[in-house]
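Open your viewer, switch on side chains and keep the sequence panel handy. We will go from stop to stop, selecting a few residues each time.

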Amino acid sequence: MDEQIKELNAFLEGEFMGIHAYEHYIKNTQDEAIKKDLQTIQQNHKMHAIFVAERIQNLGGEAVDDVGLVGAFQERVQQVKGYPKDSRAIIEGAIHGEEFGSDMMAEFVKGDLDLESRNMVQSILKEHQQHIELLRKHLK
Ligand SMILES: [Fe+2]
């Protein structure tokens, strides 16, 4: 049970990374249509964070409420490198984040999750896939 809570908390940290990254993307974009989609996606990640936190609590665990130490370090590195400013770079950054982030998050929950948690994780990862499709439309 403890192992499962640890895995779900790592997964939850990934959601917070996403929420934070989208905050930068939204702030930097001038294009209204892109901004709208970025906001929709960020709102989805906020819902994911709520669902995962609730599941952790229902399993008797304590849910994290931020990105954690490794995440904070990665964010600091990104801060130094700078967040993308033009539309195309923002979209590409967001797609990369969804892909790379989801791969990482899928790794975090490789252990034995109970059926309900596994279904939740799978439907979240499927939504991340849909985010990528939504973002790709802006690259055409
Ligand atoms: Fe998410």
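A residue counts as buried when its relative accessible area is under 20%, as exposed when that value is over 50%, and as partly exposed in between. Keep this scale at hand, and remember as you look around that this is a predicted model.

**Stop 1: asparagine 9**

Select asparagine 9, which lies in helix 1. Is this residue buried or exposed? Its relative accessible area is 11%, so asparagine 9 is buried. Now show what surrounds the side chain: leaving aside residues up to four places away in sequence, asparagine 9 touches Ile56, Glu62, Ala63 and Val64.

**Stop 2: the nonpolar cores**

Stay in this part of the model and select leucine 12. Beyond residues up to four places away in sequence, leucine 12 is in touch with Ala49, Val52, Ala53, Ile56, Ala63 and Val64. Next, colour Leu8, Phe11, Leu12, Val52 and Val121 together: these have the most contacts inside the largest nonpolar core, a set of 19 residues. Helix 1, helix 2 and helix 5 each contribute at least two residues to this core. Which helix gives the largest share? That is helix 1, with six residues. There is also a second, separate core of 14 residues; to find it, select Ala21, Ile26, Leu38 and Ile90, which are among its members.

**Stop 3: the iron ion**

Now centre the view on the iron ion. Which protein atoms serve as its donors? Glu15 appears twice through OE atoms, and the others are ND1 of His45, ND1 of His48 and NE2 of His128. These donors lie 2.1 to 2.4 Å from the iron ion. If you follow them in the sequence panel, you will find the spacing E-x29-H-x2-H-x79-H.

Select histidine 45 and histidine 48 as a pair. Both sit in helix 2, three residues apart, which is about one turn of the helix. Both of these histidines are buried.

**Stop 4: a patch on the surface**

Keep helix 2 in view, switch to a surface display and select Met47, Ile50 and Phe51. Together they make a nonpolar surface patch of about 280 Å². Click on phenylalanine 51, which belongs to helix 2, residues 32-58. With 41% relative accessibility, phenylalanine 51 counts as partly exposed.

**Stop 5: salt bridges around arginine 55**

Hide the surface again and look at charged side chains. How many salt bridges does the model have? The count comes to six.

Start with arginine 55 and aspartate 114, which form a salt bridge whose closest N and O atoms are 2.8 Å apart. This pair links distant parts of the chain: aspartate 114 is in the loop between helix 4 (87-108) and helix 5 (115-136), while arginine 55 is in helix 2, 59 residues apart. Aspartate 114, at 24% relative accessibility, is partly exposed, whereas arginine 55 is buried, with a relative accessible area of 12%.

Now add glutamate 116 to the selection. Its side chain meets that of arginine 55 in a salt bridge of 3.6 Å, N to O. Here too distant parts of the chain are linked, with arginine 55 in helix 2 and glutamate 116 in helix 5, 61 residues apart. Glutamate 116 has a relative accessible area of 52%, so this residue is exposed. Shown together, Arg55, Asp114 and Glu116 are joined into one network by salt bridges that share partners.

**Stop 6: a salt bridge within helix 1**

For a contrasting pair, select glutamate 3 and lysine 6. They form a salt bridge, with the closest N and O atoms 3.8 Å apart. Both partners lie in helix 1 (residues 2-28), three residues apart, about one turn of the helix. Glutamate 3 is partly exposed, with a relative accessible area of 47%, and lysine 6 counts as exposed at 57% relative accessibility.

**Last stop: lysine 137**

Finish by selecting lysine 137, found in the segment after helix 5. Lysine 137 is exposed, with a relative accessible area of 56%. Draw a distance line from its C-alpha atom to the C-alpha atom of arginine 55: the two are separated by 33 Å, and the residues are 82 apart along the chain.

Note on methods. Residues numbered from 1 in each chain as written. Predicted model: local features only at pLDDT ≥ 70, side-chain atom pairs only at ≥ 80, totals over all residues. Heavy atoms only, no water. Patch = residues over 30% accessible without salt bridge, like charges linked within 9 Å, V, L, I, M, F, W, Y side chains within 5 Å. Areas by Shrake-Rupley, 256 points an atom, 1.4 Å probe, with all protein chains shown as cover. Salt bridge = Lys/Arg side-chain N within 4 Å of Asp/Glu carboxyl O. Helix = DSSP H or I, 4+ residues; strand = E, 2+ residues; numbered from the N terminus. Buried < 20%, exposed > 50% of the residue type's maximum accessible area, 1.4 Å probe, protein only. Donors = N, O, S within 2.8 Å, 3.2 Å for Na, K, Ca; no water. Core = buried A, V, L, I, M, F, W, Y, C linked by side-chain atoms within 4.5 Å. Contact = heavy atoms within 4.5 Å.
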